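Please consider the sequence and the structure together. The paragraphs that follow proceed from the overall fold to particular sites.

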Amino acid sequence: MSDFQKDNVALMCDIGELVGLFDFEAGLDAFLTKAVSTVAWHMRAAVCSIYLYEAETQELVLRANQGLNPALVGRLRLKNGEGIAGMTLKEMRPICEAKATDNPYFKHIPGSQEERFVSFLAVPILRKMNPVGVIAVQDPQWNYFTPNDIQALQVIASQLAGVIENAHLLLRLRGNEPVPPVVPPESFGVEFGPGTHCVRGQGASDGMVMGLSTRIGQYLSVDEKVVGGCPIGLTEADFDRALATTERQLLDLQRRLEDKIHDAASMIFGAHVLMLKDEAFSGEIRSQIREGKNPWEAILNEVRHYADLFAHSPNPSLREKVLDVEDLGHRLLHNLSAPALESTGPDYTGQIIIAKELLPSDILKLSAEGAAGLVLLGGGQHSHVAILAKALQIPLVIVSDQRLLHLPEKTPLLLDAKEGQVVIRPGHEAIQTMKDIIRSLADSERMADQVKTETRTRDGTEIQLLANLNLVSELDVALRVKARGIGLYRTEFPFIVRSTFPTEEEQYQVYKRVLERMQGSPVVFRTLDIGGDKVLSYFQVGQESNPFLGLRALRFSLKNPEIFKQQLRALLRAAHGNPQAKIMFPMVASLDEFLEARILVRVCQQELEREGIPNRMPELGMMIELPSAVAMIDELAATADFLSIGSNDLIQYLLAVDRTNDDMASWFAPHHPAVLRALNFIVKAAENAGKAVSLCGNLGSDLRMLPFLLGIGLRSFSLDSMEIPVVQRRIGQIDLELARTQAKKMLSLGRIEEVDGFLKIINAAG
Ligand code: PEP
Ligand code: MG
């Protein structure tokens with residue numbers, strides 16, 4: 001059996017087309033009907049059906065169909081677990097049968113005329129692992145559906161899930177939830193006075209930038225969010241033009257985002273497009289215009305109405321959409337007032353965004369929209385937000401002074417993300433300093449181009465410098481600084497910034513691309529490290545009063561085997577033909593956990609073998625970042641293929657110091673004797689077991705600690721790419737023999753203060 005004439009690639013690439021099919025006015029059923037015919041056509045399947053899950057009755061209802069008796073639509077109901085479709089939903093996995101009647105759950109539906117169809121493939125439609133429905137295809141040919149078809153249908157199911165959920169949410173809004181009165185934001189006034197003033201905060205990424213302030217997340221206000229004020233004499237035709245321009249811009253942004261950061265993009269502007277297409281939204285604006293309102297005012301009224309509804313909704317996923325509504329309003333007003341400026345260009349070019357809090361996906365959107373810098377007011381001191389801003393090269397400063405929220409719009413700001421400063425109305429002197437700093441940043445850029453392929457100590461020992469990777473877009477920098485491979489790919493970032501789980505196929509494509517670009521150099525894929533400060537907006541793990549000690553990393557994956565297995569399958573497939581691919585588990589707390597994870601990898605491999613899908617078993621390693629792992633290090637080193645020290649978490653958990661709390665920074669002491677001894681213990685255990693060991697936390701770029709790290713025997717580090725040039729230069733100054741003696745001395749010291757003093761002496765000597 002072959003895929004001859006099937007067009008799954010076109011089907012998968014056509015996600016935009018499917019979403020584009022959604023026309024709110026025509027309703028969800030019309031959309032589903034178009035979807036079944038598109039799927040049936042591309043897959044060359046005789047039948048395609050979509051069932052939606054009804055939470056009240058806990059039944060699947062056939063909502064759209066092509067190829068069966070049309071009278072069944074809306075009438076055919078299946079209990080959860082009933083028939084192959086019901087079983088697909090119950091077990092939350094695809095079921096593919098060469099001959100449907102061989103499946104013990106096959107249920108004959110009288111009047112369906114499905115006797116003619118032999119092959120059956122059903123895939124669950126899930127949102128945040130919650131049931132949404134089932135999509136099924138059938139065909140008269142025996143054994144007609146291939147593993148390729150299963151994957152294609154899974155991609156489609158995940159896209160359908162997003163559209164269906166958004167449609168449901170909007171419909172629920174139509175029911176007009178009661179709107180609580182809006183409490184106007186209290187005005188604290190701006191007391192910065194004339195001249196230049198500076199607000200100090202925490203620099204969360206690098207870079208320096210100047211721009212005009214733009215506040216978001218406060219709802220649009222008539223007087224401020226204007227591009228040249230409220231124009232007069234606008235008509236309904238102007239509104240229609242603005243609507244069409246906005247849609248074009250959004251689709252273009254989506255496309256550009258996919259090109260730039262395709263591992264994370266998903267349908268990031270999907271909610272915007274749906275709102276635009278919602279006739280209740282545009283229709284209400286139109287009717288206000290017909291009643292005599294200026295289109296400007298009509299848009300503002302409707303945007304505020306929706307923003308209020310979303311903001312006060314008990315549904316958390318609706319509350320998260322406030323920024324989307326506001327952004328949409330901003331775009332509509334811009335396109336209404338400045339049609340001459342119509343461009344596909346970004347909306348926030350040259351602007352510094354001030355927000356109370358942002359989701360990772362907001363940062364992605366703002367980056368796509370050209371934001372020059374970000375200022376977050378508290379509540380956002382999560383390192384994943386910082387890591388993401390870094391990955392996207394957007395300067396970010398986190399401040400606690402709430403008065404910044406009340407700055408007049410378009411105030412000139414200078415953002416110094418390295419020092420954590422926001423300079424308001426910078427004067428000549430501040431601008432001059434900025435220029436000097438930007439010049440020195442350019443020097444370090446030049447240094448990146450001068451980096452050597454091999455890193456050696458003064459006495460000629462080779463040290464491996466690999467790169468840490470969060471988003472695929474960072475590969476350019478990693479290659480530019482000649483990283484010897486990727487020592488840590490934090491695979492959770494593509495999950496964190498998206499609005500839905502990526503499918504196995506989507507993950508596979510991303511992993512394959514990373515391996516292709518690294519051209520044979522090692523790539524260590526760390527499996528999901530969700531939890532702690534890295535939350536998925538679309539998958540709640542429940543309230544945890546102490547998330548860093550909760551369902552995090554490998555614990556999360558083992559607790560959610562369906563999610564974990566999809567990732568493992570994608571990794572095993574990507575490793576095929578790529579012997580340099582490795583898998584690493586984060587936060588392993590016991591030998592038992594590592595063994596359990598390894599069994600799951602083997603199960604996935606057997607599944608792939610059975611399905612005839614090419615794969616390869618890579619080396620399996622683990623991160624050492626918990627005190628319990630240090631205590632068990634001999635057994636762990638004997639069992640794993642390689643080890644990597646996660647110093648960020650190791651220090652956090654060993655010293656009980658929150659790594660994300662800036663107020664605790666002075667307690668976060670990498671030179672604490674307990675940390676030094678733990679590191680030495682780990683490296684010696686790896687040497688004894690004959691296993692490779694590397695260090696992938698920020699400690700690797702702590703220049704003053706490098707003599708110690710080399711002295712205890714570490715020969716491999718994985719770093720943020722931009723740190724590689726300066727670390728390479730420092731390593732070139734270190735003599736290994738001397739470093740060994742210095743490390744030995746440091747291990748004998750019992751006080752933090754003593755170690756600190758010793759570090760000062762050895763680093764002053766160079
Ligand atoms: C670490 O903990 O040191 C590490 C590299 O992992 P992450 O920063 O992603 O927790
Ligand atoms: Mg860690």
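The protein chain is built from 28 helices and 23 strands, and the model examined here is a predicted one. Of its 766 residues, 56% count as buried. Contacts in the chain often span long stretches of sequence: among those between residues at least 6 apart, 68% join residues at least 24 apart. The surface that the protein chain exposes amounts to about 30900 Å², of which carbon and sulfur atoms supply 53%.

Confidence in the prediction should be considered before any detail. The mean pLDDT of the protein chain is 84, and 84% of its residues reach 70 or more. Two stretches call for caution. Over residues 175-194 the pLDDT stays under 50, and the model has 26 contacts beyond four places in sequence for them. Residues 221-228 likewise have a pLDDT below 50, with 18 contacts in the model beyond near neighbours in sequence. Where pLDDT is low, the predicted coordinates should not be read in detail.

The interior may be taken next. The largest nonpolar core holds 106 residues, and the members that touch the most others are Phe 585, Leu 679, Phe 708 and Phe 717. Apart from its neighbours within four places in sequence, Phe 708 is in contact with Leu 676, Leu 679, Ala 743, Met 746 and Leu 747. A second core, separate from this one, comprises 53 residues, among them Ile 285, Ala 307, Phe 310 and Leu 366.

Which residues of the protein act as donors to the magnesium ion (ligand 2)? They are Glu 625, through OE, and Asp 649, through OD, at 2.1 to 2.2 Å from the ion. The two donors come from distant parts of the chain, 24 residues apart: Glu 625 belongs to the loop between strand E20 (619-624) and helix H21 (627-631), whereas Asp 649 lies in helix H23 (residues 647-655). Both Glu 625 and Asp 649 are buried.

Helix H23 itself merits attention. Eight of its nine residues are buried, and the helix is thus mostly covered. Besides the donor Asp 649, the buried residues of H23 are Ser 647, Asn 648, Leu 650, Ile 651, Gln 652, Tyr 653 and Leu 655. The elements that cover these buried residues include strand E17 (486-490), E20, H21, strand E21 (642-645), helix H24 (673-689) and strand E22 (692-695). After H23 comes Ala 656, with a positive phi near 55°.

Within this helix, is Gln 652 buried or exposed? Gln 652, a residue of H23, counts as buried because its relative accessible area is 5%, under the 20% limit. A polar atom of the Gln 652 side chain lies 2.8 Å from the backbone nitrogen of Arg 659. Leaving aside neighbours within four places in sequence, Gln 652 is in contact with Phe 548, Arg 552, Val 657, Asp 658, Arg 659 and Phe 668.

A final site lies elsewhere in the sequence. Ala 100 is located in the loop between strand E4 (95-97) and strand E5 (119-127). Although it belongs to a loop, Ala 100 is buried, with a relative accessible area of 2%. Beyond its neighbours within four places in sequence, Ala 100 is in contact with Ile 84, Phe 106, Val 118 and Phe 120. Ala 100 and Leu 121, 21 residues apart in sequence, are 8.7 Å apart in space from C-alpha to C-alpha.

Key
Residues are numbered from 1 along each chain as its sequence is written. Chains are lettered from A and ligands numbered from 1 in the order in which they are written. This is a predicted model: local features need pLDDT of at least 70, side-chain atom pairs count only at pLDDT 80 or more; totals for chains, interfaces and linings use all residues. Side-chain values use heavy atoms; hydrogens and water are left out. Donors are N, O and S atoms within 2.8 Å of the metal (3.2 Å for Na, K and Ca); water is not among the atoms, so sites may look incomplete. Helices (H or I, at least four residues) and strands (E, at least two) are DSSP runs, numbered from the N terminus. Buried means under 20% relative accessible area, exposed over 50%, partly exposed in between (1.4 Å probe, protein chains only). Contact means heavy atoms within 4.5 Å. Accessible areas come from the Shrake-Rupley method with a 1.4 Å probe; for residues, only the protein chains shown count as cover. A nonpolar core is a set of buried Ala, Val, Leu, Ile, Met, Phe, Trp, Tyr and Cys residues joined through side-chain atoms within 4.5 Å. A polar contact is a pair of N or O atoms within 3.5 Å; within protein, one must be able to donate a hydrogen and the other to accept it, and residues adjacent in sequence count only if both atoms are side-chain atoms. pLDDT is the predictor's confidence in each residue, from 0 to 100.
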